[in-house]
Amino acid sequence: MVASKAAKARDPGLDVRIPKESCTDAKCPFHGHLKVRGYTMEGVVVSNKMQGTVVVQRTLLHYVPKYERYEKRKRRYLAHAPPCLKVAEGRRVRIAETRPLAKNVSFVVVENLGEGPLAIPEEEPR
Ligand SMILES: [Zn+2]
């Protein structure tokens, strides 16, 4: 494809809003050639100090039967952030699995969910 197709955004096949802005990032699921498959999950951006990559933290509740209580568990994912989504620290985002984009990056941010607390889901059984 030629580089002059900046206007049209591609639908990555997920139930997400298409960003209003456009970008020229080849690793953008909307304006580049990146395909997504596998897991999608929500998390909070805890750092955007890297170039094009953000740290997304997901918190889960894990039930401990002995104490009949929940404990919080968290995991951090590195995710590629396309420039059209304007991902900032503290934002809730939805990330989707994709091919490995770097040594530790195999997710891409697909939706900016705004600020505010995240609903913490219970840990899914593995
Ligand atoms: Zn884009």
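Which residue in strand 5 is the bridge partner of His80? Val108 is the one to look for, and you'll meet Val108 again in the views below, which come from a predicted model.

**View 1. The whole chain is built from strands.** Start by zooming out: the protein has 5 strands and 0 helices. Walk along from the N terminus and the elements read β-β-β-β-β. Of its 126 residues, 25% are buried. Now think about contacts between residues with a separation of 6 or more: 54% of them link residues 24 or more positions apart.

**View 2. Strand 5 pairs with strand 3 and with strand 4.** On one pairing, strand 3 and strand 5 run parallel and share 3 bridges. This is where you'll find His80 matched with Val108. The other pairing is antiparallel, with 6 bridges between strand 4 and strand 5. Here Val108 has Ala96 standing opposite. To get from strand 4 to strand 5, the chain makes a hairpin through 2 residues. Strand 5 is largely enclosed by the rest of the structure, because 6 of its 8 residues are buried.

**View 3. A nonpolar core of 19 residues.** This is the largest nonpolar core, and the members touching the most other members are Val54, Val56, Ala79, Val87, Ile95, Val108 and Val109. Two or more residues each come from strand 1 (36-47), strand 2 (53-64), strand 4 (92-102) and strand 5 (105-112). Strand 5 is the top contributor, giving 4 residues. There's a broader pattern to keep in mind: nonpolar side chains tend to be buried together in soluble globular proteins.

**View 4. Ala79 and the residues around it.** Skip the neighbours within four places in sequence, and who is Ala79 in contact with? The list has Thr53, Val54 and Val56, then Ile95, and finally Val105, Phe107, Val108 and Val109. Some of those names should ring a bell: Val54, Val56, Ile95, Val108 and Val109 also turned up among the core members touching the most others.

**View 5. Val45, a buried spot in strand 1.** Next, find Val45, which sits in strand 1. Is Val45 buried or exposed? It's buried, because 21 other C-beta atoms lie within 10 Å, and the cut-off for buried is 20 or more. Leaving out the neighbours within four places in sequence, Val45 is in contact with Val54, Val55 and Val56, and also with Val87, Ala88, Glu89, Gly90, Arg91 and Val93. Try tracing the chain from Val45 to Arg92 as well: they're 47 residues apart in sequence, yet their C-alpha atoms are 6.4 Å apart in space.

**View 6. Glu68, a loop residue with a positive phi.** Look in the loop between strand 2 and strand 3 (69-80) for Glu68. Its phi is positive, about 50°, even though Glu68 isn't a glycine. That's worth a second look, because most residues other than glycine have a negative phi. Glu68 counts as exposed because it has 7 other C-beta atoms within 10 Å.

**View 7. Lys86, another loop residue with a positive phi.** Which loop holds Lys86? It's the one between strand 3 and strand 4. Lys86 isn't a glycine either, and its phi is a positive value near 50°. Count the C-beta neighbours of Lys86 inside 10 Å and you get 12, so Lys86 is exposed. The cut-off for exposed is 12 or fewer.

Note on methods. Residues are numbered from 1 along each chain as its sequence is written. This is a predicted model: local features need pLDDT of at least 70, side-chain atom pairs count only at pLDDT 80 or more; totals for chains, interfaces and linings use all residues. A nonpolar core is a set of buried Ala, Val, Leu, Ile, Met, Phe, Trp, Tyr and Cys residues joined through C-beta atoms within 7 Å. Two residues are in contact if their C-beta atoms, placed from the backbone, lie within 7 Å. Two strands pair if DSSP finds at least two bridges between them.
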